Amino acid sequence: MQLISDQIAGYVERSSWIRKMFEEGIALKKQFGEDAVCDFSLGNPDLPPPASVKDALLELAEDADKPFFMGYMPNFGYPDVREKLAAVVSKEQGVSVPADCLVITCGAAGALNSVFRATLGPGDEVITPTPFFVEYGFYCENHGAKLVPVPARELTFELDLDAMDKAITDKTRVVLINSPNNPTGAVYSREQLEGLAAILEKHNQGRERPIILLADEPYRFLAFDGVEVPSLLDIYDYSVVCSSFSKNLSMAGERIGYACINPAMPGKEALIGGVTLTNRILGFVNAPALAQKLLGKVLGSTVDASVYDARRKAMASILDNAGYEYTMPRGAFYFFPKAPGGDDVKFCASLTEEKVLAVPGTGFGRPGYFRLAFCVSEDVILRAKDGMAAAMAKYK
Ligand SMILES: Cc1ncc(COP(=O)(O)O)c(C=O)c1O
């Protein structure tokens with residue numbers, strides 16, 4: 001007897017890498033104790049939310065007995081929160097974004113799905129560089145579309161613009177990029193993004209439906225060494241930014257984010273209206289009331305990014321010490337080194353033997369590499385030194 005569809009049964013199989021590492025982690029921790037295992041498998045931010053979050057929650061509790069305190073609101077979100085969000089997004093993007101270009105969503109994931117639902121039809125294609133956040137494929141297929149992975153350059157993971165150009169077909173509806181990137185830590189330069197925009201403009205000639213350039217940006221706040229994270233809003237008119245407060249406020253479980261439709265997009269009203277509607281009909285209805293009100297009070301604060309930078313440096317020194325080949329992440333909290341020996345699945349098994357948990361690149365559509373998430377305490381990183389060296393030694 002099969003209770004779930006063939007498609008979902010296949011997904012359960014396909015999405016098993018992070019879950020597999022998660023389960024192995026639980027088993028190892030049970031066997032050897034929490035402190036013996038160095039778990040770099042999950043991208044769940046461990047820093048507590050900024051102090052302003054607790055203060056705001058206490059303030060909000062005072063109003064909890066008022067009518068409609070947690071009632072429905074317009075599907076695009078509370079108008080006052082949208083106004084405040086517009087000021088913050090304008091500052092981050094360096095482009096003036098009016099409130100009516102924003103739809104408040106259930107995280108970046110909710111934003112991506114709402115934009116996809118509004119723009120994709122059956123058989124449409126979404127191009128994204130590999131490796132990529134593993135959920136993208138599922139999100140596309142949620143709406144009958146297909147993800148078309150295009151390999152980014154080896155080791156640096158810069159965009160391969162020629163390859164992206166060649167991958168565009170009549171069915172291409174969206175190009176999806178994520179910078180700072182999960183799982184590589186790459187940050188695309190202005191030059192790369194302008195190059196991509198020029199390619200899309202070339203393909204848009206004579207098309208009825210222009211290609212949407214979708215920027216998934218939950219890690220925008222986390223760029224190291226002063227590197228610029230250019231805004232697509234002043235590079236390409238048909239761009240949309242999806243983002244969230246999962247990482248910069250450590251509020252991943254609260255499911256709060258937004259879609260920002262480029263104010264310069266010709267005919268943008270249709271897309272804003274479409275995304276407002278899809279936010280509703282996908283069953284989200286609206287982003288959670290309490291999370292929106294909280295956001296209205298804490299917008300502008302972030303976790304201390306310097307903590308992540310210190311961890312990045314600690315991890316880099318462990319990788320250097322053991323002789324791993326990698327590109328230093330310029331943003332987000334992930335390393336994506338080459339798997340010694342070339343077989344990422346086998347190498348991650350070697351790491352597990354050393355009680356170090358990492359995710360094979362295969363899980364992100366890029367075999368030959370593995371991902372280490374450094375949203376864990378520096379202590380855990382330092383403890384991994386011997387295990388990382390011992391696993392490497394097996395392949396030398
Ligand atoms: C690249 C990327 N996009 C989207 C998401 C989803 O973020 P949210 O929790 O805001 O839905 C994540 C979460 O890890 C991510 O890494």
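Here is a short back-and-forth about how the two domains of this predicted model meet, and about some of its buried residues and salt bridges.

Reader: How do you know that the chain has a domain 1 and a domain 2?
Author: That comes from the domain assignment, which gives domain 1 as 6–49 + 304–393 and domain 2 as 69–298. Their C-alpha centres lie 27 Å apart.

Reader: What makes the two domains an interface, and how many residues of each are in contact?
Author: On the side of domain 1 there are 33 residues in contact with 32 residues of domain 2. The two bury about 2800 Å² between them, with 58% of it on carbon and sulfur atoms. Of the area that domain 1 buries against domain 2, Arg330, Phe364 and Arg366 supply 24%, more than any other three residues.

Reader: What about polar links across the interface of domain 1 and domain 2, how many residue pairs are there?
Author: The rule finds 18 residue pairs in polar contact there, and the count of salt bridges between the domains is 2. Helix α11 (305–322) is among the elements that supply at least two residues of the domain 1 side, and α11 gives the most, with 4 residues.

Reader: Why is the largest nonpolar core said to lie between the domains?
Author: Domain 1 and domain 2 both give residues to this core, so it lies between them. The core has 91 residues, and Phe116, Val175, Ile177, Leu214 and Val240 have the most contacts inside it. Another core, of 38 residues, lies apart from it, with Tyr219, Phe224, Leu372 and Val380 among its members.

Reader: Why is leucine 357 called buried?
Author: Buried means under 20% relative accessible area. Leucine 357 has 0%, so it is buried. This residue sits in strand β10 (residues 356–357), and its contacts beyond four places in sequence include Met21, Leu28, Val37 and Phe40. Its C-alpha is separated by 8.3 Å from that of glutamate 24, although the two are 333 residues apart along the chain.

Reader: What makes lysine 29 and aspartate 39 a salt bridge?
Author: The cut-off is a side-chain nitrogen within 4 Å of a carboxyl oxygen. Here the N to O distance is 3.1 Å, and the pair qualifies. Lysine 29 lies in helix α2 (residues 16–32) and aspartate 39 in strand β1 (residues 38–39), so the pair ties together parts that are 10 residues apart in sequence.

Reader: Are those two buried or exposed, and what is the relative accessible area of lysine 29 and of aspartate 39?
Author: Exposed starts over 50%, with partly exposed in between that and the 20% limit. At 22%, lysine 29 is therefore partly exposed. Aspartate 39 comes in at 15%, so it is buried.

Reader: How do you know that arginine 311 and aspartate 46 link distant parts of the chain?
Author: Their side chains meet in a salt bridge at 2.8 Å, N to O. Arginine 311 is in helix α11 and aspartate 46 in the loop between β1 and α3 (51–61), 265 residues apart. With 5% relative accessible area, arginine 311 is buried, whereas aspartate 46, at 35%, counts as partly exposed.

Reader: What makes Asp225, Asp309, Arg312 and Lys313 one network?
Author: Aspartate 309 and lysine 313 meet in a salt bridge at 3.3 Å, and both lie in helix α11, about one turn apart. Salt bridges that share partners join these two with Asp225 and Arg312 into one network. Arginine 312 and aspartate 225 pair at 3.2 Å, N to O.

Definitions and conventions: Residues are numbered from 1 along each chain as its sequence is written. This is a predicted model: local features need pLDDT of at least 70, side-chain atom pairs count only at pLDDT 80 or more; totals for chains, interfaces and linings use all residues. Side-chain values use heavy atoms; hydrogens and water are left out. A nonpolar core is a set of buried Ala, Val, Leu, Ile, Met, Phe, Trp, Tyr and Cys residues joined through side-chain atoms within 4.5 Å. Buried means under 20% relative accessible area, exposed over 50%, partly exposed in between (1.4 Å probe, protein chains only). Domain bounds come from an automatic or database domain assignment. Contact means heavy atoms within 4.5 Å. Buried area is the accessible area (1.4 Å probe) that two parts lose on being put together, summed over both. A polar contact is a pair of N or O atoms within 3.5 Å; within protein, one must be able to donate a hydrogen and the other to accept it, and residues adjacent in sequence count only if both atoms are side-chain atoms.
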